[in-house]
Amino acid sequence: MKLLEYEGKEIFGRYGIPLQKRCGVIRLGDSTDKLVLDGPGPWVVKAQVLAGGRGKAGGVKLAKTPTEARELALKMLGMKMVTHQTQGKALIVEEVLVDEACDIKREIYISVVLDRKGSTPTIIASAEGGMSIEELAQSHPEKIIKLPVDVEAGLLDFQARQLAFDLNIPQKNFREFTAFACRLVRAFIEEDASLVEVNPLVITGDDRLIALDSKIVTDDNALFRHKDLAAKPDHEATEIEKEAKEIGINYIGLDGDIGCMVNGAGLAMATLDTVKMAGGDAANFLDVGGGANVDQITRAFQIILKDSKVKAVLVNIFGGIMKCDNIASGVVEASKKVKINIPLIVRLEGTNVKEGREILAKSGLKLEQASSLWEAAQKAVAAAK
Ligand code: GDP
Ligand code: MN
C-alpha cells in the first residue's frame, strides 16, 4: 500500500525524524479554516497524490502570506495532475498538505528499499537529491551509494557514520544525520515497509536537517501487524477492490474482459496465463478462498459483474477441500441470486466431479461446461468476442 506524503510524515514523526511544522491537511470540500497559519511564513502548499514529480507539475507551491496559502490550497484541490510518474494518467488532487516552508541550502536523496536479490533492506543514497534518482542512476551511477543493512541489527553506528562521510554531510549536521539514518531504517523495518524514501532530505539555511518529502510503501501481507495502517484507505484501490477486501475476497482488477472466479491464488494465476494463451485477457484476478461456499460464490459473482468490462465469466474451481457437487450447488444457488446476463463457462475438477457436472447440467442454467482448463479458456475467449 502506498501512503500519501502527509501519512508518511505522520509515521516519520513517530520515529523522531525531523520535519517541517505542519499547518494542516484539507480535503476537497473542506474550508481552509482548518489550516493553522500563525507562523511568520512562508508556507508550502503540496498536492497529496501518489506520484513524485509534483514540483514540476504545479503540485508544490510556496506562499508568502496566509491568504496566498489558502488561495493556493483551494486552487490545487480538484486539480488534475499529470507528472512523469503517473503514466500519462491524470490524478485528481483530493487532499492538500500545508507545511511551514524552509529555505534550502542542500538537497540529499536517501531511501531504504528491500533488495530482493540480497534479501536485505538496503539504503540507497546520493549527495545530489531533489532530482529524479532514476535519471541519476542512468547518467551517473557512480554517484549512488548502496548500503545493505542487517534486518535484525538495524543500521549500525559505524555504517551511519560511513554514510554521512560518503554523503559529505557537514560537521554541524553529522550527529543529526546519523540519528536520522538509524531512525529511517528503524521505520522501514518496524513498519514492514518495502520502500521508505526521503527526496529530498534538506539542510536548511539555518543548518537544520529536515525530511522535506516522504514516500512510504508498506507490505500488505504484514497489515495484520499494523492495525493503524490496516484502518487507512488504500488510495490506489478501485471501488470494486475496496468492496472485495471488505468481504474477504482476494480481488485485483485487470484490463481484460473475461471475469475469472477461481479458488486458490496459484490456480488463479494459472487461469490468467491460460486465458492469455487462448488469446484473451482476464478482467480480474479473483481468489474465492479455500472453502468456496454459496455465500462466497454469490459475492464473487456480484463483484465480478460490477465491472462493466466483463463480457464472459470463467469459473475454474478445483474441488479439493470442497467437493465438486457442493461447489456446483453453490454456483447454481449463486446464479439464482445474481442475474448473469453474459456467457458463463464452468470448469470443475476434483472430488465428486461427475456429480458436480450433473448438477450443473440439470440446473437449467445457461452455462457451458468444460472438461479442461484449456477448453474452458478457449470457450471463454470465444464467448467474450
Ligand atoms: P515531488 O516533486 O513530488 O517529489 O515533491 P517534493 O516535496 O519533493 O518537492 C519538490 C521540490 O519543491 C523540492 O525538491 C524543493 O526544491 C521544493 N520545495 C518543497 N518544499 C519546499 C520548501 O519548504 N521550501 C522551498 N524553498 N522549496 C521547497
Ligand atoms: Mn520529492
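## Exercises on ligand 1 and the largest pocket

Of the 17 residues around ligand 1, the nearest are K46, R54, G55, C102 and E107. Keep in mind that this is a predicted model. Let's work through it together.

**Exercise 1.** Find which atoms of K46, C102 and D213 lie close enough to ligand 1 for a polar contact, given that N or O atoms must be within 3.5 Å.

*Solution.*
- Start with K46: one of its polar side-chain atoms is 2.6 Å from an oxygen atom of ligand 1.
- Move to C102, where a backbone N or O atom sits 2.7 Å from a nitrogen atom of the ligand.
- Finish with D213, whose side chain has an N or O atom 3.1 Å from an oxygen atom of ligand 1.

**Exercise 2.** How much of the accessible area of ligand 1 does the protein cover?

*Solution.* Begin with ligand 1 on its own, which has 560 Å² of accessible area. The protein then covers 79% of that area.

**Exercise 3.** Describe the largest pocket and its lining.

*Solution.*
- First, the space: the largest pocket holds about 1000 Å³.
- Next, the centre: among the 45 lining residues, G53, G130, N199, P200 and D213 are the closest to it.
- Then sort the lining by type, which gives 23 nonpolar, 11 polar and 11 charged residues.
- Now look at the elements: at least two lining residues come from each of several, including β3 (43-47), β8 (104-115), α3 (133-139) and β11 (193-204).
- Last, the domains: domain 1 (21-101) and domain 2 (104-228) each give at least three residues to the lining.

How values were computed: Residues numbered from 1 in each chain as written. Chains lettered and ligands numbered in written order. Predicted model: local features only at pLDDT ≥ 70, side-chain atom pairs only at ≥ 80, totals over all residues. Heavy atoms only, no water. 1 Å grid on protein atoms, 1.4 Å probe; cavity = no way out; pocket = protein on both sides within 12 Å on 5 of 7 lines; lining within 4 Å. Points joined across faces, edges and corners; volume = space filled by probe spheres on them. Helix = DSSP H or I, 4+ residues; strand = E, 2+ residues; numbered from the N terminus. Nonpolar A, V, L, I, M, F, W, Y, C, P; charged D, E, K, R; others polar. Domains from an automatic or database assignment. Near = heavy atom within 4 Å. Polar contact = N/O pair within 3.5 Å; in protein donor to acceptor, adjacent residues only side chain to side chain. Areas by Shrake-Rupley, 256 points an atom, 1.4 Å probe, with all protein chains shown as cover.
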